[in-house]
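Here's a quick walk through one model, from a pair of rings to a pocket and a core. Have a look at it first.

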Amino acid sequence: MVLLETWYFMQGGFFAYDNYIMENLHKLGDLRVDIVQGQYDTICPMTFAWQVASSLANSQLHISPMAAHDASEGQNRERLQQLIAALWLKHALQVPENG
């Protein structure tokens with residue numbers, strides 16, 4: 001994982017330019033967005049997660065008070081699993097319109 005992350009940082013990151021995310025949030029429209037943010041995340045700081053969540057009409061910021069960046073950290077993983085299970089359940093219970 002370290003080698004992969006180092007390669008991305010040496011290439012200038014994941015995005016075409018600074019502020020790319022903030023300038024393109026409007027493309028999400030009213031799409032539901034859940035942000036899982038570790039309080040001790042130094043890669044994607046909490047202030048940025050708050051800015052993103054505040055800029056989206058239909059978002060919810062979930063803060064993991066004892067986690068950092070990694071999705072496999074206990075609190076982050078637990079919240080992600082809860083959100084995925086809720087999405088699965090919501091869609092699994094939908095009845096087709098023709099049926």
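## The ring pair

Tyr17 is partly exposed, at 40% relative accessible area (buried is under 20%, exposed over 50%, partly exposed in between; 1.4 Å probe, protein chains only). Tyr20 is partly exposed as well, at 31%.

How many aromatic pairs does a search of the whole structure find? Just 1: Tyr17 and Tyr20 sit edge-to-face, 5.4 Å centre to centre with 75° between the planes. (Rings of Phe, Tyr and Trp, the last by its six-membered ring, pair if their centres lie within 6.5 Å; planes under 30 degrees apart are stacked, over 60 edge-to-face, the rest tilted.)

## Ground rules

This is a predicted model, so local features need pLDDT of at least 70 and side-chain atom pairs 80 or more, while totals for chains, interfaces and linings use all residues. Numbering runs from 1 along each chain as its sequence is written, and side-chain values use heavy atoms, leaving out hydrogens and water.

## The nonpolar core

Leu25, Val33, Ile35, Ala49, Val52, Ala53 and Leu56 make up the largest nonpolar core, 7 residues in total (buried Ala, Val, Leu, Ile, Met, Phe, Trp, Tyr and Cys joined through side-chain atoms within 4.5 Å). H3 gives the most, with 3 residues (helices are DSSP runs of H or I, at least four residues, and strands runs of E, at least two, numbered from the N terminus).

Leaving aside residues up to four places away in sequence, Val33 touches Leu28, Leu56, Asn58, Ser59 and Gln60 (contact means heavy atoms within 4.5 Å).
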